[in-house]
Amino acid sequence: MSTISCIIVSYNNGSFLKEAILSVVNQTLPVNEIIVADDGSTDGSRDLITSLAHEHSQIKPIFREKNLGVSINRDLAIRAAQSNLITTLDGDDWYSPKKIEQEFIAFNKRENSIAYSDICVTQQKIEQNYCLDLAMFADFNQQQRLSWMINNLVKIPRDMLFLKKLYLEIGGIQHSLKKYEDWEFKIRLAACPNPWIHSGIDGINYRKTNFGLSQDNSLMHIKYQYQALRLNHKLIREYLGEQQFWLSLGKVLLTTGRSLFGIRSNLKKLHH
């Protein structure tokens, strides 16, 4: 019999964390285990997590003594999960009520599948939000999935429902990446033969915050996207060819370079 663990990672997400946790507690299909891995928060999040854990027995707090970073925190929490099925959530996002139920139904349609939902994006201070329709991803073969994944950073599935066994088999999340660790993991996951099944609903509500990127931050984006692609050089070359690897790398440099140019232009305008 399948059981489900949801891994919620959080670092100083206190103002949003209760909504995130309760969105899992209140699923139409109950989740067996909710691991809330707090990465050394200093904003009172731990008191909130402890209080909710007293109210809901399926909540299992993990409190890191120091901040490990999201890559290590999420990976260790997934490895600690007791269920055979895993899904994830960031501490500032939340699930739609039927997310787990519909993904579980989708998962059971094909053996060893990966179930996922559409994503609704909420932008702070912007009234008009939008949803990402990801149904087409389920129709892709391995090469198409991998090609789409390495060439897209936004319109890709997130917080999927998948086997813990599969997670461990492909090596889990890379601790060496401080950013884009989820993208790098999904590159490897997309190359697996396991079918991806769409749930048919908007399941994840992603809260997009805009704090502004400095020049250093833009360069860091290039650094970690480059590292994620380099870690999968052999995989990309095997499935898509050497040329596609370099094209994808060039796209990263070009796209982030445009962002960097825009930041410089805005800084000049502010200066004058």
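**Exercise 1. Find what share of the 272 residues of the protein counts as buried.**

Step 1. Fix the term: buried means under 20% relative accessible area, exposed over 50%, and partly exposed in between (1.4 Å probe, protein chains only).
Step 2. Apply it: 49% of the 272 residues count as buried.
Step 3. Note the source. This is a predicted model, where local features need pLDDT of at least 70, side-chain atom pairs count only at pLDDT 80 or more, and totals for chains, interfaces and linings use all residues. Residues are numbered from 1 along each chain as its sequence is written, and side-chain values use heavy atoms, with hydrogens and water left out.

**Exercise 2. Trace the open sheet and name its edge strands.**

Step 1. Count the elements: the protein has 10 helices and 9 strands. These are DSSP runs (helices H or I, at least four residues; strands E, at least two), numbered from the N terminus.
Step 2. Pairing requires at least two DSSP bridges between two strands. By this rule, 5 strands form an open sheet with mixed pairing, in the order β3-β2-β1-β4-β8.
Step 3. Look at the ends. β3 (59-63) and β8 (162-163) each pair on one side only, which makes them the edge strands.
Step 4. Check one pair. β4 (residues 85-90) and β8 are antiparallel over 2 bridges. Leu-85 has Leu-163 in β8 as its bridge partner.
Step 5. Add a helix. α3 (residues 70-80) packs on the sheet and touches β1 (4-10), β2, β3 and β4. Contact means heavy atoms within 4.5 Å. The direction of α3 makes about 160 degrees with that of β1. Axes are lines fitted to C-alpha atoms, for helices over the stretch in contact; angles run from 0 to 180 degrees between N-to-C directions.

**Exercise 3. Find the residues with the most contacts inside the largest nonpolar core.**

Step 1. Define the core: buried Ala, Val, Leu, Ile, Met, Phe, Trp, Tyr and Cys residues joined through side-chain atoms within 4.5 Å.
Step 2. The largest one has 70 residues, and Ile-8, Ile-21 and Leu-229 have the most contacts inside it.
Step 3. Follow Ile-21. Leaving out residues up to four places away in sequence, Ile-21 touches Ile-8, Val-36, Ile-49, Leu-52 and Ile-59.

**Exercise 4. Show why the buried residues of α9 line one face of the helix.**

Step 1. List the buried residues of α9 (residues 233-240): His-233, Leu-235 and Ile-236.
Step 2. Look down the axis. These residues fall within an arc of 165 degrees, so they line one face. The arc uses directions from the helix axis to the C-beta atoms.
Step 3. Turn to the other side: Lys-234 and Glu-238 are exposed there.
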